[in-house]
Amino acid sequence: PERLVVRHLDEHVVVVEKPAGVNTVRHPAELEWSEQRRELDPTLEDLTLWAIAHQLNRPARDLPRLRIVHRLDKETSGLVVFARSVLAERELGLQFKRHTVVRRYCVVVPGIMTAQTIRSNLVEDRGDGRRGSTHLPGVGKEAVTHVTVEERLNGYTLLSCRLETGRTHQIRIHLSEAGHPVCGDKVLVKRPDGTVCEDKSGARRLALHATELGFEHPATGEFHDFTVRR
């Protein structure tokens, strides 16, 4: 936990840099795990609480529990905010619900992709057992991703994706359905027609990084904007 990067800490919120390969929160079936067992397989929630305890030189059991307002996939790295008070949980929750939180990701995809806005309705099963987009009217939840090009690479494109909405796996789904699945993705690799996009990148992890997170502080109303680049 002492190696976890804490970008901001006060009585209401804490912002940290999540490493890849760590779950944001624990599965409900694991909530009764002992402290010793948690230490063997910690989540970002665990690491953050221990990092706060280390920074404040206080036992973790004496600190208020962290409250979840959003999460990143296990293999996604980058900025995450946890609420530390009831006020922060409510106010940040409203901001995420209203889609006023600034969330931007750096992504590497195969091929030459152009700047565009991808808009679709997402459902849990698009017809092949995977979460994805549907063309059925009035079905699913609207998802909007704004894509800009950061850099052209040799056979790949470095993108910046800004979320207007925040649906589960939204960026991975939108890019995969556009024919450019995120490098390192092992799941969302099928196009709507069923063909598989082969990944020749050799990426050892999902090439998706939450590079910007901006929100109004739940207590002061001041806008906080955090950025990090990997």
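Trainee: Which helix and strands each supply at least two residues of the lining of the largest pocket?
Mentor: The structure is a predicted model. In this model, one helix and two strands each give at least two residues to the lining of the largest pocket. The helix spans 170-177, and the strands span 102-110 and 116-123. The elements asked for are helix H4, strand E5 and strand E6.

Trainee: Which element provides the largest share of the lining of the largest pocket?
Mentor: Strands E5 and E6 each contribute at least two lining residues, as does the helix at 170-177. The largest share amounts to 3 residues, and the element that supplies it is H4.

Trainee: How much space lies in the largest pocket, and which residues are the closest to its centre?
Mentor: The space in the largest pocket is about 700 Å³. Its lining is made up of 27 residues. The closest to the centre are Arg71, Gly166, Arg167, Thr168 and His169.

Trainee: How many residues of each class does the lining of the largest pocket have?
Mentor: The lining residues are sorted into nonpolar, polar and charged classes, with glycine placed among the polar ones. The counts are 9 nonpolar, 9 polar and 9 charged.

Trainee: Is Asn57 buried or exposed?
Mentor: Asn57 is located in the loop that runs between helix H2 (44-56) and strand E3 (67-68). Its phi is near 55 degrees, a positive value in a residue other than glycine. Because the relative accessibility of Asn57 is 68% and the cut-off is over 50%, the residue counts as exposed.

Trainee: What is the exposure class of His99?
Mentor: His99 also has a positive phi, near 60 degrees, and is not a glycine. The loop that holds His99 joins helix H3 (86-97) and E5. The relative accessible area of His99 is 30%, which falls between the limits of 20% and 50%, so His99 is partly exposed.

Trainee: Why is the protein chain described as being as compact as a globular protein of its length?
Mentor: The chain contains 4 helices and 11 strands. For 230 residues the globule rule gives 17 Å, and the chain is close to this, so it is as compact as a globular protein of that length; its radius of gyration is 18 Å.

Trainee: What percentage of the residues in the protein chain are buried?
Mentor: The accessible surface of the chain is about 12400 Å², with 47% belonging to carbon and sulfur atoms. A residue counts as buried under 20% relative accessible area. Of the 230 residues, the buried share is 44%.

Methods
Residues numbered from 1 in each chain as written. Predicted model: local features only at pLDDT ≥ 70, side-chain atom pairs only at ≥ 80, totals over all residues. Heavy atoms only, no water. 1 Å grid on protein atoms, 1.4 Å probe; cavity = no way out; pocket = protein on both sides within 12 Å on 5 of 7 lines; lining within 4 Å. Points joined across faces, edges and corners; volume = space filled by probe spheres on them. Buried < 20%, exposed > 50% of the residue type's maximum accessible area, 1.4 Å probe, protein only. Rg over C-alpha atoms; globule rule 2.2 N^0.38 Å. Areas by Shrake-Rupley, 256 points an atom, 1.4 Å probe, with all protein chains shown as cover.
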